[in-house]
Amino acid sequence: MAGILIAILSGILMSVQGVFNTDVTEHSSLWVANTWVQMTALAVCFAFWGMADRSSFALLFDFRPKYVLLGGVIGAFITLTVVKSMDIMGPAQAVLFIVIAQMISAYLIELAGWFGMEKADWSVQKLIGMAVAIGGVILFQWERNP
């Protein structure tokens, strides 16, 4: 249950952040807004790290594989693409496509066992679930002309 609540909170925070970042972008520029987002995130992370166990930082230097340390780089492009998609399509439509893309790519990662993830077995139920979600996007997009 805790995982579900945290995932719901994550979705809410991503949507609100996307709207906020889109507004900041309209008053500055895409890269200025992205820089601000990443800098403020860094400041918050430093503050919480300062209150927690600071000895864990040294573990990053021994971490294998090194490519997984690129999460922050990917995060910059996540912020960029969320802002642009929300600016072009609006928050609801953008989030629908973002969530569908996340679901499909996450399932492919599980199926293939990429990036050290445990391989998952093929599931027709998950395929049906993705099809239903995609159908929901189509239904959400469908506007009737009177």
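Helices in this tour are DSSP runs of at least four residues, numbered from the N terminus. The model on display is a predicted one.

**First stop: the largest pocket**

Select helix 2, which spans residues 30–51. With six residues, helix 2 gives the most to the lining of the largest pocket. Helix 3, residues 71–89, should be shown as well, since helix 2 and helix 3 each supply at least two residues of that lining. The volume of the pocket is about 480 Å³. To centre the view, pick Leu 42, Cys 45, Leu 60, Leu 69 and Gly 72, the closest to the pocket centre of the 13 lining residues. Colouring the lining by class will show nine nonpolar and four polar residues, with no charged ones.

**Second stop: the second largest pocket**

Keep helix 3 in view and add helix 1 (2–27) and helix 4; these three elements give two or more residues each to the lining of the second largest pocket. Helix 1 gives the most, with seven residues. This pocket holds about 300 Å³ of space. Its lining comprises 16 residues, and those nearest the centre are Ser 10, Met 14, Ser 15, Gln 17 and Val 82. By class, the lining divides into eight nonpolar and eight polar residues, and no charged residue is present.

**Third stop: aromatic pairs**

The structure contains four aromatic pairs, and two of them are visited here. Select Trp 31 and Phe 77. The ring centres of Trp 31 and Phe 77 are 6.4 Å apart and the planes stand at 85 degrees; because an angle over 60 degrees counts as edge-to-face, the pair is placed in that class. Trp 31 belongs to helix 2 and Phe 77 to helix 3, so the pair ties together parts that are 46 residues apart in sequence. Phe 77 is partly exposed, at a relative accessible area of 46%.

Move next to Tyr 107 and Trp 122. Their rings form a tilted pair, with 6.2 Å from centre to centre and 40 degrees between the planes. Tyr 107 lies in helix 4 (residues 91–112), whereas Trp 122 lies in the loop between helix 4 and helix 5 (124–141), so this pair ties together parts that are 15 residues apart in sequence.

Finally, display the surface around this second pair. Which of its two members is buried, and which is exposed? Tyr 107 has a relative accessible area of 7% and is buried, because the cut-off for buried is under 20%. Trp 122, at 55% relative accessibility, counts as exposed.

Methods
Residues numbered from 1 in each chain as written. Predicted model: local features only at pLDDT ≥ 70, side-chain atom pairs only at ≥ 80, totals over all residues. Heavy atoms only, no water. Phe/Tyr/Trp six-rings, centres within 6.5 Å; stacked < 30°, edge-to-face > 60°. Buried < 20%, exposed > 50% of the residue type's maximum accessible area, 1.4 Å probe, protein only. 1 Å grid on protein atoms, 1.4 Å probe; cavity = no way out; pocket = protein on both sides within 12 Å on 5 of 7 lines; lining within 4 Å. Points joined across faces, edges and corners; volume = space filled by probe spheres on them. Nonpolar A, V, L, I, M, F, W, Y, C, P; charged D, E, K, R; others polar.
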